[in-house]
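Reader: I should like to learn how to read a protein model step by step. Could you guide me through one, beginning with its domains?

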Amino acid sequence: MTERTRAPDQHAGDEAETFVYLCTSCPLGCRLEVDAMDGDVIEVRGHSCKRGIKYGTQEHSDPRRAVSTTVWLHGGPCERLPVRAAEPVPKAQVREFVRSLSGLVVEAPVAFGAVLATDVAGTGIDLIATREIVAEREREPVG
Amino acid sequence: MPITSQPRHLLSRYDVTVVGAGPAGLSAAVAAREQGAERILMVDRDPEPGGILLQCIHSGFGLHEFKQDVTGPEYAHLALERVIEQDVDVLTNTYVTDVTRDLRVKLMSPEAGISTLDTGSLVIATGARERTRAAIKIPGERPAGVMTAGLAQKMVNLHGYLPGRRAVILGSGDIGLIMARRLTLEGVQVLGVFELLPFASGLGRNVVQCLQDFDIPLHLSTTVVDIHGHQRVERIAVAPVDDDLVPQLDKSWDIECDTLLLSIGLIPDAELARQLQLNLDPRTGGPVVTSTMETSLPGVFAAGNNLHINDLADWVSQEARAAGAAAGDVALGRHRARQDVTVTPGRNVAYVVPHTLSTERSQTVSFRVKQPIYGDTMLHLGDAHKRKVRAVVPPEMVTMKVSPKLLDGFAGDTLRVDAIPVEEEES
Ligand code: SF4
């Protein structure tokens, strides 16, 4: 993500490189060094617990992010409806995922967790509503 | 589902009245009901319950409270479901205009007009306000385009307006970091985040996922020293600060931008607390409370960000559960737990909540450290308890569960809370 250095000589003679990541699994924020060759993780160093190994391996080989954004809402209590990707999106496709939604308009009512779009930006990932919007007539006045 | 428990008729007397329907209010109302209080009213000024959660569309909520990683609106929904299962009157679009020390509550809403009711106990769950430009006295002109990060978040996430085209963010609190990503994804150019302190005040996860992922620079030990613009912000000046946090103006540089977002901290909304003349803690800005979150005025409780600024909604829900349950007990005339131990912040601790503990019941002590310790750290609660943790940082609240057994023999004492690197302890 940020730094990228040649591996020290113990991996000499091959293409191993060292990548540096900040482990975000706990506040300690260990600086992880991930040795990788041809995309395969060989070793993770710098972790203080084993969660760091898992994080470093995942972050190097297939970084994914939870994605949430908003889309236009008609007939609701506000103009935007909060939505999220049903599962983590590959990091490189996050912008595309969000931008592809710019023309989407959703009509109230909206059920909690309703699927609003499928295979967003070709990721194979669904878009779901994170807020319930009830129909206007169900907004009862106080008697 | 939301709103469907609007009351048909307001009662003239409630057992427990909860002001604010954010995470604290929602949780307090359920706890009061579960404790056996029957007539419970929850009031919120917004059109729907949920509070600030509704504009916090990002994930990272609920891991403790709901055992799943959810977004703010989802957290609000799950918390509201628990309220709806109970019989709680929820009154939205409603302001509490006045509360007297004998617990008469005056309300105002378009539907119910102006009403007055009596309450057995009151839970203040009004949340926090954002610090503004005035709080840190940034010099310069006063053009449009300078706003708090939370206001921008509301504009973007609820109403669909972008605050500008080229934005700079002052302060690396979580809201600022999250807005840096949010604005970038919406097509705004975010030119950088500037932080006065030598470390980010938001969570490490947010620095990575909101800034590094989008190549947004984070300038530590740097602050905004001037704002230029006639109608609208045209340019700001930033400068590094020295060890005493004094800006070095000879090293300043200009940035052309049309928007400056401020993410420079939250302060408890203490309006009701002041009106009720509650004792306030100058460290938190919120009321002084007992282990059940009862303030200096018996029958009045506080929970959530108007008590102290929390880092996670989950902690707010937990704290408010204690407050709501005790508010229910008080309304029903039950015995109050003895408050016989005092707690006070010690080494490297900015504040501690609550301010007293009870040898009669279990409780949670929450505090914030002043300086980060990246390594094994010993937390002390006087001589009563100590616990080792891996690291402590100011953005993350630290909590300690305290059972009556731990406090055995400490009745009448004052316990100091310290957070010390383990090496220093041993030396
Ligand atoms: S490696 Fe373990 S200790 Fe280090 S930051 Fe990650 S989770 Fe925390």
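**Domains, cores and sheets**

Author: In this predicted model, the centres of domain 2 of chain B and domain 3 of chain B, taken over C-alpha atoms, are separated by 34 Å. The contact between them draws five residues from domain 2 of chain B and seven residues from domain 3 of chain B.

Reader: Into which domains is chain B divided?

Author: Chain B is divided into domain 1 (13-129 + 267-336), domain 2 (132-264) and domain 3 (342-426). Domain 1 is written as two segments, 13-129 and 267-336.

Reader: How much area do domain 2 of chain B and domain 3 of chain B bury between them?

Author: Domain 2 of chain B and domain 3 of chain B bury about 350 Å² between them, and 75% of it is on carbon and sulfur atoms. On the side of domain 2 of chain B, the residues that lose the most area to domain 3 of chain B are B:Phe199, B:Ser201 and B:Leu203, together 89% of what that side buries.

Reader: Let us turn to the interior. Which residues touch the most other members of the largest nonpolar core?

Author: They are B:Val16, B:Met42 and B:Val83, in a core of 45 residues. Several elements of chain B each supply at least two residues of this core, among them strand E1 (13-19), helix H1 (23-34), strand E2 (40-43), helix H2 (72-85) and helix H8 (313-331). The largest share, eight residues, comes from H8(B). Domain 1 (13-129 + 267-336) and domain 3 (342-426) of chain B both give residues to this core, so it lies between them.

Reader: Which residues does B:Val83 touch, not counting residues up to four places away in sequence?

Author: B:Val83 touches B:Leu26, B:Val30, B:Met42, B:Val88 and B:Val90 on that count. There is also a second, separate core of 41 residues, which includes A:Val106, A:Ala129, A:Ile133 and B:Met179.

Reader: How is a single residue to be read? Is B:Thr223 buried or exposed?

Author: The cut-off for buried is under 20% relative accessible area. B:Thr223 has 12% relative accessibility and therefore counts as buried. B:Thr223 is found in strand E12 (residues 222-228) of chain B. Leaving aside neighbours within four places in sequence, B:Thr223 is in contact with B:Leu170, B:Leu196, B:Ala237, B:Val238, B:Ala239, B:Val241 and B:Pro247. Sequence distance and spatial distance should be read separately: B:Thr223 and B:Ile138 are 85 residues apart along the chain, and their C-alpha atoms are separated by 9.5 Å.

Reader: How should I read a helix, and which residues of helix H4 (residues 149-159) of chain B are buried?

Author: An α-helix has 3.6 residues a turn, so residues three or four places apart point the same way. In H4(B), the buried residues are B:Ala149, B:Gly150, B:Ala152, B:Gln153, B:Val156, B:Asn157 and B:Leu158. Their cover comes from both chains, and includes strand E6 (68-74) and strand E7 (80-85) of chain A, as well as helix H5 (174-185) and strand E15 (259-262) of chain B. After H4(B) comes B:Gly160, whose phi is positive, near 80 degrees.

Reader: Now a strand. How many residues of strand E22 (residues 377-381) of chain B are buried?

Author: Five of its five residues are buried. Both faces of E22(B) are covered, with B:Thr377, B:Leu379 and B:Leu381 on one side and B:Met378 and B:His380 on the other.

Reader: With which strands does E22(B) pair?

Author: E22(B) pairs with strand E23 (residues 385-389) of chain B in the antiparallel sense over five bridges, and B:His380 stands opposite B:Lys386. These two strands form a hairpin with three residues between them, and B:Gly382 in the turn has a positive phi of about 50 degrees. Five bridges also join E22(B) to strand E25 (residues 414-421) of chain B, again antiparallel; here B:Leu379 stands opposite B:Ala419.

Reader: What is the order of the strands in the five-stranded sheet?

Author: The order is E20-E18-E25-E22-E23 (chain B), in an open sheet with mixed pairing. Its edge strands are strand E20 (356-357) and E23 of chain B, each of which pairs on one side only. Another open sheet, of three strands, has the order E19-E21-E24 (chain B) with antiparallel pairing.

Notes:
Residues are numbered from 1 along each chain as its sequence is written. Chains are lettered from A and ligands numbered from 1 in the order in which they are written. This is a predicted model: local features need pLDDT of at least 70, side-chain atom pairs count only at pLDDT 80 or more; totals for chains, interfaces and linings use all residues. Side-chain values use heavy atoms; hydrogens and water are left out. A nonpolar core is a set of buried Ala, Val, Leu, Ile, Met, Phe, Trp, Tyr and Cys residues joined through side-chain atoms within 4.5 Å. Buried means under 20% relative accessible area, exposed over 50%, partly exposed in between (1.4 Å probe, protein chains only). Helices (H or I, at least four residues) and strands (E, at least two) are DSSP runs, numbered from the N terminus. Domain bounds come from an automatic or database domain assignment. Contact means heavy atoms within 4.5 Å. Two strands pair if DSSP finds at least two bridges between them. Buried area is the accessible area (1.4 Å probe) that two parts lose on being put together, summed over both.
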